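Here are some exercises to work through with the model open beside you. Try each task before you read its solution.

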Amino acid sequence: MLKSMFDKLKSGLKKTKSNLIPTFSRTVDDEFFDELEIALLKADVGVKATEEIIDFLKDEAKRKRIKDAEKLKEYLKEKLARYLQRCAGKLELGDEKPAVILFLGINGSGKTTTIGKLAAQFTKEGKSVVLAAADTFRAAAIDQLEVWAERAGARIVKHSPGADPAAVVYDAVKSAKSRGDDIVLVDTAGRLHTKEHLMKELQKIKKTIQKVMPNQPVETILVLDGTIGQNSINQAKTFKEATDVTGIVVTKLDGTAKGGALIPICQELKIPIKFIGVGEGIEDLQPFDPEAFVEALIEE
Ligand SMILES: Nc1nc2c(ncn2[C@@H]2O[C@H](COP(=O)(O)OP(=O)(O)OP(=O)(O)O)[C@@H](O)[C@H]2O)c(=O)[nH]1
Ligand SMILES: [Mg+2]
């Protein structure tokens, strides 16, 4: 990872680190483990993983007669990295043009912002990007996506507010295919009504994509708000039951002390985390890199 990216990650994880780091400047005793346990729970690592981590560190400290808590940091890193390595994944964009990425998630989780950031990264790589304004529920949503399209140098396909989201997606994918564009990013509305309704709407959108691109996988990204930590797991389950979710983005990690929630999120949902958001700017969306994440979390 580039140094500038790593620095962003480090400053993005500042709040999560703030409880964790101070516990290490002392000797290893029962009180240390109690404090570390509380810090891990505050970081939203979850009860199960926290217990396992504490047991592991107690064992290591005993076996290797470690007295200085600072020396246990390496073991904590190793354990956290082992959890997170199982959680990382890369975008799967298929072999044809355009690749289609559908973004799901409740109100305000960060879908539109994530799309804007990703669009900018793709155009920077020289790819031609189309944004599909399939959040037709709010007029402002289309305007917001338009601002991002301009900033990122992407083309936008939009209909009037209230239009059928599937019709917008159809136009976007069809036009992208005929023009030879590389990627279509689909913004959807964040309303969470009943699971049945969600299921129907998403099925319709996916069918529409498959009508134009029958052999293309649809990368389906669920965007979760990092500031609510583990509480995002339940809403994620609703989406997971409604459609085949192929990846997760956790946003707003810069605004929370609950960055450890990546572990229970991944353990419970068993869906790869593909990106994390560590700020509001275009550059603040990073591919999820477990080693860098742990390093940024534990190092001062
Ligand atoms: N600090 C921080 N803010 C973020 C991040 N990602 C998104 N945001 C902010 O979160 C707010 C909501 O983001 P949107 O992208 O509009 O969320 P959305 O999911 O599209 O919301 P709806 O369209 O209402 O469903 C905005 O103010 C974003 O700037 C992040 O990684 N860090
Ligand atoms: Mg939006």
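**Exercise 1: A β-α-β unit**

Strand 6 (residues 247-251), helix 11 (residues 262-269) and strand 7 form a right-handed β-α-β unit. Here, right-handed means that, with the strands pointing away from the viewer, the path from the first strand over the helix to the second runs clockwise. Helices (H or I, at least four residues) and strands (E, at least two) are DSSP runs, numbered from the N terminus.

Before going on, note that this is a predicted model, in which local features need pLDDT of at least 70, side-chain atom pairs count only at pLDDT 80 or more, and totals for chains, interfaces and linings use all residues. Residues are numbered from 1 along each chain as its sequence is written, while chains are lettered from A and ligands numbered from 1 in the order in which they are written.

*Task.* Find the strands that pair with strand 7, and give the sense of each pairing.

*Solution.*
- Step 1: Strands pair if DSSP finds at least two bridges between them.
- Step 2: Strand 6 runs parallel to strand 7, with three bridges; Val 249 has Phe 275 as its bridge partner.
- Step 3: With strand 8 (residues 285-287) the sense is antiparallel, again over three bridges. Phe 275 is partnered there by Pro 287.

**Exercise 2: An enclosed strand**

*Task.* Explain why strand 2 (residues 129-134) is described as largely enclosed.

*Solution.*
- Step 1: Recall the cut-offs: a residue is buried if 20 or more other C-beta atoms lie within 10 Å of its own, exposed if 12 or fewer, and partly exposed in between, with C-beta atoms placed from the backbone.
- Step 2: Six of the six residues of strand 2 are buried, so the rest of the structure largely encloses this strand.
- Step 3: Check both faces: Val 129, Leu 131 and Ala 133 are buried on one side, and Val 130, Ala 132 and Ala 134 on the other.
- Step 4: Look at the partners. Strand 4 (residues 183-188) pairs with strand 2 in the parallel sense over six bridges, and strand 3 (residues 155-157) does so over three bridges.

**Exercise 3: Around the ligand**

*Task.* Describe the shell of residues around ligand 1.

*Solution.*
- Step 1: A residue counts as near if its C-beta atom, placed from the backbone, lies within 6 Å of the molecule.
- Step 2: There are 21 residues around ligand 1, and Gly 110, Thr 112, Thr 113, Gly 190 and Gly 277 come nearest.
- Step 3: Sort them by class: three are nonpolar, 12 polar and six charged. Ala, Val, Leu, Ile, Met, Phe, Trp, Tyr, Cys and Pro count as nonpolar, Asp, Glu, Lys and Arg as charged, and the others, Gly among them, as polar.
- Step 4: Helix 6 (residues 111-124) supplies the largest share, three residues.

**Exercise 4: Two backbone angles**

*Task.* Is Arg 65 buried or exposed, and is Lys 252 buried or exposed?

*Solution.*
- Step 1: Arg 65 lies in the loop between helix 4 (47-63) and helix 5. It has 7 other C-beta atoms within 10 Å, so Arg 65 is exposed.
- Step 2: Lys 252 sits in the loop between strand 6 and helix 11. Lys 252 counts as buried because it has 24 C-beta neighbours inside 10 Å.
- Step 3: Now compare with the usual pattern: most residues other than glycine have a negative phi. Phi is positive for Arg 65, near 50 degrees, and for Lys 252, near 60 degrees.
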